[in-house]
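Hi there,

Here is the structure I promised to pass along. Have a look through it first, and then read on for what turned up.

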Amino acid sequence: MSDTTSVDEVWDEWKEAVNMTASQVEKWLDTEESKEVGQKDDGGESVGHASGRRIIKLLSTKKADLTDSDAAHMRKVVGYVHRHLAQKPSSDVEHSKWRYSLMNWGHDPLKD
């Protein structure tokens, strides 16, 4: 993975990986389930929750206005979603920490 990923290089994968709207992610991040999952440093906000807040901004930005830094984060999101989807639990996906973590990253695995 390059730190110089362009928006054009990651755009299609990003649109596929992030299947929630900005308002859906924002609403989700306000839930207790969202705040309970993920890796946290010093008991603060989880990495995925912080990523979700950035995803809201990215989804609300025109493609032409996205920066190289945005593209790098988009690539990180795509990588996380792809890795995490491969770890699907065998039961109760709907109420799993697995799904909740993915939703923090803008992907609801129960959505078509």
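**Helix H6 and its surroundings**

Glycine 106, just after H6, takes a positive phi of about 90°. Please keep in mind as you read that this is a predicted model.

H6 itself is mostly covered, with 7 of its 8 residues buried. Those buried residues are Trp98, Arg99, Tyr100, Ser101, Leu102, Met103 and Asn104. As for what covers them, the list includes helix H2 (22-29), helix H3 (32-36), H4 and H5.

On the other side of H6, serine 96 sits in the loop that runs between helix H5 (68-85) and helix H6 (97-104). Is serine 96 buried or exposed? Its relative accessibility is 10%, and because buried means under 20%, serine 96 counts as buried. The side chain of serine 96 also reaches the backbone oxygen of valine 93, at 2.8 Å.

**The nonpolar cores**

The largest nonpolar core has 19 residues, and the ones touching the most other members are Trp11, Trp14, Leu66, Met74, Val77 and Val81. Two or more residues each come from helix H1 (7-17), helix H4 (47-59), H5 and H6. H5 gives the largest share, 6 residues.

Valine 81 is a nice one to click on: leaving aside residues up to four places away in sequence, valine 81 touches Ala17, Leu102, Trp105 and His107. There is also a second, separate core of 9 residues, with Ala22, Trp28, Leu29 and Val37 among them.

Best wishes

How values were computed. Residues are numbered from 1 along each chain as its sequence is written. This is a predicted model: local features need pLDDT of at least 70, side-chain atom pairs count only at pLDDT 80 or more; totals for chains, interfaces and linings use all residues. Side-chain values use heavy atoms; hydrogens and water are left out. Helices (H or I, at least four residues) and strands (E, at least two) are DSSP runs, numbered from the N terminus. Buried means under 20% relative accessible area, exposed over 50%, partly exposed in between (1.4 Å probe, protein chains only). A polar contact is a pair of N or O atoms within 3.5 Å; within protein, one must be able to donate a hydrogen and the other to accept it, and residues adjacent in sequence count only if both atoms are side-chain atoms. A nonpolar core is a set of buried Ala, Val, Leu, Ile, Met, Phe, Trp, Tyr and Cys residues joined through side-chain atoms within 4.5 Å. Contact means heavy atoms within 4.5 Å.
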